[in-house]
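Here is a brief report on one protein chain. It moves from overall fold to single residues.

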Amino acid sequence: MRTRVITAVVALAIFIPILYVGGIAVEIAAAVLAGVGVYELFRMRQLAILSFEGVLAILGSVFLVFPINKYLSFFGDTSNYLLFYLTVMIILGFSVISKNTYTFDEAGFPVLVSLYVGMGFQNLVVARSAGLALLLFAFFVVWATDIGAYMVGRRFGNRKLWPDISPNKTVEGALGGILSAVVVAIIFVIAMPGIFQHNLLTMIIFTIIFSIVGQFGDLVESAIKRHYGVKDSGKILPGHGGILDRFDSMLFVFPMMHLLGIF
């Protein structure tokens, strides 16, 4: 417990100033987190990150996260996605160079990893560029869902939500998480009505969607870890696991918020 608290305090002491400053600080931090996330997935599959596919997967995720066209305008508005696709082409091209000993199926792993992690952290950057309040809303919805699900599930949980993937999660806990997220959304709408383009009812409906999507993102990460037989995605955060253990819900919620026009 003490280790968890110390890790949380240190992480927040580093992360909060970066979020406050915004700009290139957040962009670099998100790119680094994406690279660590890719490393954790390669580690789970027992693949070397210092391999051609590992390096390209990290590059692919960074290309998606870091707004290259913002600093190198000659690349054009689509540079992030085209540079990502360049890494995909190189990975696929290795099946030719290796005379098909490296197969199309094997190439799918690094491509999917960089897309999964990269798009999630890309939308964290987009959220911060839209405003600190919107980014905090996204974080608080995810945190409220996690805390509400844990507290309600611990007190009232009886029916298992998805025992084959995550035995400790319950239906009651999931509903508690949704309710907690809705409460947070109502507080944000009342306290800062100008930050949203939607009315209260719409924000409540959207927040229910975000909470469900966040819990599903958590289950996806649990499924990955169960498949590879690991407890945590990594060890970079003592007492908390890895980066993906902390950001699994956000990798799903942030893109969904962007899709529905929150930022």
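## Two serines, two loops and the helices around them

Ser 95 sits in helix α5. The model is predicted. Ser 95 has a relative accessible area of 17% and is buried, because the cut-off for buried is under 20%. Neighbours within four places in sequence aside, Ser 95 is in contact with Asn 100 and Tyr 102.

**Overall fold.** The protein has 11 helices and two strands. Along the sequence the order is α-α-α-α-α-α-α-β-β-α-α-α-α. The radius of gyration is 19 Å, close to the 18 Å that the globule rule gives for 263 residues, so the protein is as compact as a globular protein of that length. Its C-alpha atoms fill a box of roughly 55 × 45 × 35 Å along the principal axes.

Buried residues account for 45% of the 263 residues. Take the contacts between residues at least 6 apart in sequence: 68% of them join residues at least 24 apart. The accessible surface of the protein is about 13800 Å². Carbon and sulfur atoms hold 70% of that surface. On the charge side, there are 17 positive and 14 negative charges. The mean positions of the positive and negative charges lie 9 Å apart.

**Helix α3 and Ser 61.** Which helix holds Ser 61? Ser 61 belongs to α3, residues 52–65. The 14 residues of α3 should span 20 Å at 1.5 Å a residue, and the end C-alpha atoms are 20 Å apart, which agrees. Ser 61 has 0% relative accessibility and counts as buried. Other buried residues of α3 include Glu 53, Leu 56, Phe 63 and Leu 64. Two glycines, Gly 54 and Gly 60, are on the buried list of α3 as well.

What do the buried residues of α3 pack against? Their partners are α2 (24–44), α4 (68–71), α5 (79–97) and α6. Ser 61 has its own set of contacts, neighbours within four places in sequence left aside. They are Ala 34, Gly 35, Val 38, Ser 114 and Gly 118. An α-helix has 3.6 residues a turn, so residues three or four places apart point the same way.

**Helix α6.** Helix α6 covers residues 104–130, which is 27 residues. From first C-alpha to last, α6 reaches 38 Å, close to the 39 Å expected at 1.5 Å a residue. Just after α6 comes Gly 131, with a positive phi of about 140 degrees.

**Positive phi in the loops.** Most residues other than glycine have a negative phi. Gln 46 has a positive phi, near 60 degrees, and is not glycine. Lys 99 likewise has a positive phi near 60 degrees in a residue other than glycine. Are these loop residues buried or exposed? Gln 46 is exposed, and Lys 99 counts as exposed too. The table sets out the four residues with their places and accessibility.

| Residue | Place | Relative accessible area |
|---|---|---|
| Gln 46 | loop between α2 and α3 | 73%, exposed |
| Ser 61 | helix α3 | 0%, buried |
| Ser 95 | helix α5 | 17%, buried |
| Lys 99 | loop between α5 and α6 | 75%, exposed |

Methods:
Residues are numbered from 1 along each chain as its sequence is written. This is a predicted model: local features need pLDDT of at least 70, side-chain atom pairs count only at pLDDT 80 or more; totals for chains, interfaces and linings use all residues. Side-chain values use heavy atoms; hydrogens and water are left out. Helices (H or I, at least four residues) and strands (E, at least two) are DSSP runs, numbered from the N terminus. The radius of gyration is taken over C-alpha atoms; the globule rule is 2.2 Å times the number of residues to the power 0.38. Buried means under 20% relative accessible area, exposed over 50%, partly exposed in between (1.4 Å probe, protein chains only). Contact means heavy atoms within 4.5 Å. Accessible areas come from the Shrake-Rupley method with a 1.4 Å probe; for residues, only the protein chains shown count as cover. Lys and Arg count as positive and Asp and Glu as negative; His and the chain ends are not counted. The place of a charge is taken as NZ of Lys, CZ of Arg, CG of Asp or CD of Glu. The expected span of a helix is 1.5 Å times one less than its number of residues.
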